[in-house]
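Got the structure open in your viewer? Let's walk through a few selections together.

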Amino acid sequence: MRDDSAPASHSRHDADRTPWEKRLHLSSVRALYLHIPFCARKCAYCDFASRETARGDASMERYVDLLCEQLRQVAGLALLEGCETAYLGGGTPSLLGPELLGRLVRAVSDAAPQLLELTCEANPDSLTDDVLAALVAAGATRLSIGVQSLQDAELAALGRLHDARTARERVRAAVASGLDVSLDLMCATPKQTDASWRDTLEQALSLGVGHVSVYPLQIEEDTPLGQAFADDDPDWNDPELQARRMLLASDLLSSAGFVRYEVASYARPGKACRHNQAYWTGLPYLGLGAASASMLTPECYARLRQAVASLPELGEDVTRVRLSVASGLSAGSPLPPLSELACESEFLTEAQAAAEDLMLGMRLSRGVGQDQLAYARTVLDSERLEKTIDHLLSRGLVRWQGERLAVTREGWLLGNEVFSSFWDLSQA
């Protein structure tokens with residue numbers, strides 16, 4: 001009988017693998033994501049996996065208890081022994097309140113003792129002083145605050161619960177707590193103008209944060225905004241306007257000393273989010289909680305499969321596994337134990353994983369290096385790869401930065417075209 005902890009299709013000795021290839025066979029994840037599906041109210045644009053929940057609802061305590069138990073289980077499988085970053089997202093983790101949130105953060109720290117960074121998302125309306133104190137005491141290091149705008153009319157149009165004054169006050173309190181603080185800001189929204197977007201950015205810069213993420217609003221079909229504009233292409237969300245607002249953000253943030261390290265993220269030196277970068281550099285990560293996603297090596301998958309009975313055995317040609325939890329979101333369906341977890345799975349070949357890593361790596365300002373490109377040439381059609389690079393170079397969408405291939409300013413504006421060009425290499 002085959003030992004399920006050592007997949008036969010990946011028996012090549014680690015010493016024979018290239019540095020980039022080795023990350024495809026790590027036996028523990030490098031990043032952990034916990035999904036908190038509770039919100040005080042769904043925003044007008046939101047299609048995330050979350051549900052409206054009253055503050056103090058008993059289902060939140062039960063959910064946290066089950067997440068803590070899952071953390072103990074995966075730690076017992078040695079899946080977290082090399083984990084360096086953790087992220088509590090949502091939904092609205094700060095809605096859990098100080099006691100439950102503090103308990104969950106401590107459970108993460110206990111399960112993954114090698115953590116270098118532990119981030120929690122928050123909304124200004126639920127980011128109380130008690131929540132901040134609990135996060136600091138439990139060992140969190142970063143806070144990502146969903147501000148979106150610092151204009152009251154824009155916040156109301158987005159369905160946000162907080163106003164601009166509350167956002168400013170809560171961000172200042174977060175900075176004073178000693179946590180590394182990041183703001184999420186959104187452009188190309190209803191009521192927004194170039195002038196109001198500039199004002200939001202300038203206000204954000206005055207608050208003392210070390211990290212800002214900016215992104216244009218995407219109108220999703222099954223949301224109030226999507227229903228209101230189902231048969232319309234609103235001027236306030238025009239692609240050219242999106243590009244103009246993103247360029248304005250880039251110019252203002254860069255002039256203030258922020259460095260763009262990823263397509264939508266800017267940080268002061270030393271303040272980039274490690275967890276974000278794990279997603280774009282081919283490192284395995286584990287998601288726990290309703291609708292959470294994982295990207296696993298065959299070795300990590302084999303360990304998880306010891307606890308999740310429903311996971312199928314891997315085929316011989318699988319190099320990467322993507323999982324998404326398919327249970328635990330609705331109010332009447334609590335998060336089950338790992339042994340009863342239902343997951344949707346996608347299995348990638350070595351060529352697909354290599355193409356995906358090129359696509360994801362191009363989201364980073366530093367792009368991809370020669371070690372990654374050299375590995376990709378061994379598993380993809382090298383001639384097609386070179387033609388793709390030459391085509392993007394000729395259009396000015398990518399450039400060489402020393403020996404690294406990176407996206408240009410023009411390439412950021414046509415990012416989907418750049419990313420899809422590399423993903424297409426996975427197709428025979």
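Start by selecting residues 85–90, which form strand S4: 6 of its 6 residues are buried in this predicted model. Now show the side chains. In a regular strand, side chains alternate between the two faces of the sheet. Here, Thr 85, Tyr 87 and Gly 89 point one way, while Ala 86, Leu 88 and Gly 90 point the other way.

Who are the neighbours of S4? Add residues 31–36, strand S1, which runs parallel to S4 and is joined to it by 6 bridges. To find your place on this side, click His 35, which stands opposite Gly 89 of S4.

Next, select residues 117–122 for strand S5, which pairs with S4 in the parallel sense over 4 bridges. Pick out Glu 117 here: this S5 residue is the bridge partner of Thr 85.

How do you get from S4 to S5? Colour helix H3, residues 97–111, and look at the three elements together: S4, H3 and S5 make a right-handed β-α-β unit.

Now for some empty space. The model has 4 cavities of 30 Å³ or more, and the largest of them holds about 70 Å³. To see its walls, select the lining residues, among them Leu 286, Ser 294, Val 308, Leu 323 and Cys 343. Strands S11 (285–288) and S13 (320–325) are the elements that each give two or more residues to this lining. Which one gives the largest share? That would be S11, with 3 residues.

Finish by colouring the lining by class: you'll find 9 nonpolar residues, 3 polar ones and no charged ones.

Terms used: Residues numbered from 1 in each chain as written. Predicted model: local features only at pLDDT ≥ 70, side-chain atom pairs only at ≥ 80, totals over all residues. Heavy atoms only, no water. Buried < 20%, exposed > 50% of the residue type's maximum accessible area, 1.4 Å probe, protein only. Pairing = 2+ DSSP bridges. Right-handed = clockwise from strand over helix to strand, strands pointing away. 1 Å grid on protein atoms, 1.4 Å probe; cavity = no way out; pocket = protein on both sides within 12 Å on 5 of 7 lines; lining within 4 Å. Points joined across faces, edges and corners; volume = space filled by probe spheres on them. Nonpolar A, V, L, I, M, F, W, Y, C, P; charged D, E, K, R; others polar.
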